[in-house]
Each structure stands twice: as C-alpha cells, then as structure tokens.
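Hi,

Here is the structure I said I would pass on. Have a look at it first, and my notes follow underneath.

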Amino acid sequence: MGGTSTKLDERLARARSTGVLALQDLQLTKVPDQILELKMLRTLSLRYNRLSSLPPTLAQFQSLKNLHLEHNSIASLPDEFAQLKALEQLTLSDNRLPQVPRCILSMKKLKQINLSKNQITEVPVELLELPNLDVCDLSHNNIKTLPSTCSNIKAIEINLAHNKLKEIPACLHKSTRLKVLRCNDNNIGANGLPNEILADSQISLLVIQNNPISAVQLQSMPGYAVYSERYTATKRKGD
C-alpha cells in the first residue's frame with residue numbers, strides 16, 4: 001500500500017506541471033479523490049487497474065482531451081461524462097460494457113474511440129455520426145446488426161472485426177469519408193455484402209477474411225472491379 005501511495009503522490013505532483021496524469025497499473029479499485037485538485041488536466045490514464053465504476057465528478061475536467069480506461073471492469077459510464085466537451089480520444093477496450101454509454105454520443109469533438117473487447121450488442125447510429133470522428137473500433141464484441149439508416153457517417157475507419165454480423169448495411173456506401181471497413185471474422189455471406197459497398201462507395205480497404213464468403217464469390221460480384229481500382233490507387237499513394 002505504501003508503494004502505491006508513493007507512486008500516486010509522485011504522479012500527482014508531475015501532473016500539476018504537465019497536465020498529464022498517468023495512474024495505470026496501480027491496482028486501483030476506485031479513483032483517488034486527490035485527482036480532483038488538478039483543474040487543468042488534459043490527459044488522464046487509468047488503464048490496467050481494477051476499476052468497476054467511475055465517479056461523476058471526473059466530468060469537471062473541461063479541458064480533458066484524452067481519457068484512457070482500458071483493461072478494467074467498467075460496465076457503464078456516468079451520464080455526467082457528456083459534459084466532457086473537449087474530449088478527443090476515449091479508450092475503453094477490454095472492459096465489461098454491455099452497450100455503448102449514452103454520454104459518449106454527446107462528445108462532439110471525439111476523434112478516436114476504442115470500444116473493443118466488451119460485450120456490446122448494438123451500435124447506435126449517433127456514435128458513427130459524431131461530427132469529428134475519425135476512427136471507431138468496435139471489434140471483439142457481440143454485435144449482430146448495424147443501423148440500417150446510416151447516411152451521415154463521419155468516421156474514416158470503422159473496425160467491426162470479430163463480431164456476429166451477418167450483413168453490412170447498404171447505407172454505408174453513402175458515406176463520403178469512410179475509407180477503411182474491417183469486417184473480418186464475422187458471419188457475412190455473399191448475400192450479406194451489398195454490391196453498392198464495392199461499386200459505389202469511398203471504401204478503399206474492405207477487410208472481410210474469415211467470413212462465409214469465398215474469394216471467388218467476392219471477385220465475381222459486379223462491383224469488385226471498381227473496388228479493386230480504388231484499393232490499388234490508394235495503395236500506390238501509400239507507397
């Protein structure tokens with residue numbers, strides 16, 4: 001206990017000058033009250049602890065841009081977290097979330113969110129429509145379906161690998177920003193991949209291995225040649 005207390009005091013002292021508080025891997029079961037003294041916190045890391053809940057008082061950090069909570073036992077977030085209006089990066093992977101916390105849908109400046117390795121079954125369309133969202137990781141959950149109306153998606157990359165999806169909604173082809181869609185290791189067959197995704201979208205990387213759709217079936221779809229051109233053009237730019 002003494003060692004943990006000493007580490008905590010040292011990290012709090014450092015955070016007062018840097019605005020960055022790293023409290024990872026301290027076996028914490030509750031968030032220390034002392035951190036509420038840090039008024040201008042920009043980054044807070046509580047990853048690799050034993051937290052099952054978080055206090056609503058953390059919502060007071062109006063300057064917080066990065067919040068790392070992965071590898072805990074968190075099942076929900078306080079509604080008050082909707083007040084974290086400056087948050088740009090939120091990491092909640094490897095927790096016990098049964099659903100996407102509603103407060104996240106109010107985080108309009110969010111650019112990156114990682115909700116992988118939870119127990120999420122549904123994806124609210126509002127999450128994918130957050131105005132500044134670039135990367136959304138929902139891999140390794142229990143998602144069976146996606147919203148059927150999703151024409152205003154802002155994300156550039158969506159990771160849905162290792163879920164229970166049987167189909168990709170055709171509405172995704174309407175997104176002008178979506179470039180990378182990872183759907184490997186699901187239950188998507190040939191009938192679950194709309195031709196519009198291949199022929200009439202901006203997606204230049206579609207990862208769909210380990211699904212009940214063969215490479216022959218994929219390549220025989222009418223839109224595959226168009227998709228292949230996009231993929232090759234993007235790869236050349238990267239090289």
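Let me start with the contacts. If you take the pairs in the protein that sit at least 6 apart in sequence, 31% of those contacts join residues at least 24 apart. Keep in mind that this is a predicted model. The protein has 239 residues, and 47% of them are buried. The C-alpha trace spans about 65 × 35 × 30 Å along its principal axes.

On to the secondary structure. I get 5 helices and 9 strands, and reading along the sequence gives the pattern α-β-β-β-β-β-α-β-β-β-α-β-α-α.

The strands form an open sheet of 9, with parallel pairing and the order β1-β2-β3-β4-β5-β6-β7-β8-β9. At the edges stand β1 (20-22) and β9 (205-207); each has a single partner strand, so one side of each is left without a neighbour in the sheet. Ignoring direction, neighbouring strands of this sheet are turned by 5° against each other on average.

Zooming in on the β9 edge: β8 (residues 180-182) and β9 run parallel and are joined by 3 bridges. In one of the pairings there, Leu 181 has Leu 206 in β9 as its bridge partner.

Leu 206 turns up again in the part you may want to look at next, the largest pocket, where Leu 206 is one of the lining residues. The volume of this pocket comes out at about 190 Å³. Besides Leu 206, the lining includes Leu 205, Ile 208, Gln 209, Ile 213 and Ser 214, and further along the chain Ala 215, Leu 218, Gln 219, Tyr 224, Tyr 227 and Tyr 231. Which elements give two or more residues to that lining? They are β9, α4 (215-219) and α5 (224-238). By residue class, the lining splits into 9 nonpolar and 3 polar, with no charged residues.

One more spot, away from the pocket list: Asn 191. You will find Asn 191 in the loop between β8 and α3 (195-199). Is Asn 191 buried or exposed? With a relative accessible area of 82%, Asn 191 counts as exposed, because the cut-off for that class is over 50%. Asn 191 also has a C-alpha to C-alpha distance of 9.5 Å to Ile 168, with the two residues 23 apart in sequence.

That's what I have for now.

Cheers

Conventions. Residues numbered from 1 in each chain as written. Predicted model: local features only at pLDDT ≥ 70, side-chain atom pairs only at ≥ 80, totals over all residues. Heavy atoms only, no water. Pairing = 2+ DSSP bridges. Helix = DSSP H or I, 4+ residues; strand = E, 2+ residues; numbered from the N terminus. Axes fitted to C-alpha atoms, helices over the stretch in contact; angles between N-to-C directions. 1 Å grid on protein atoms, 1.4 Å probe; cavity = no way out; pocket = protein on both sides within 12 Å on 5 of 7 lines; lining within 4 Å. Points joined across faces, edges and corners; volume = space filled by probe spheres on them. Nonpolar A, V, L, I, M, F, W, Y, C, P; charged D, E, K, R; others polar. Buried < 20%, exposed > 50% of the residue type's maximum accessible area, 1.4 Å probe, protein only. Contact = heavy atoms within 4.5 Å.
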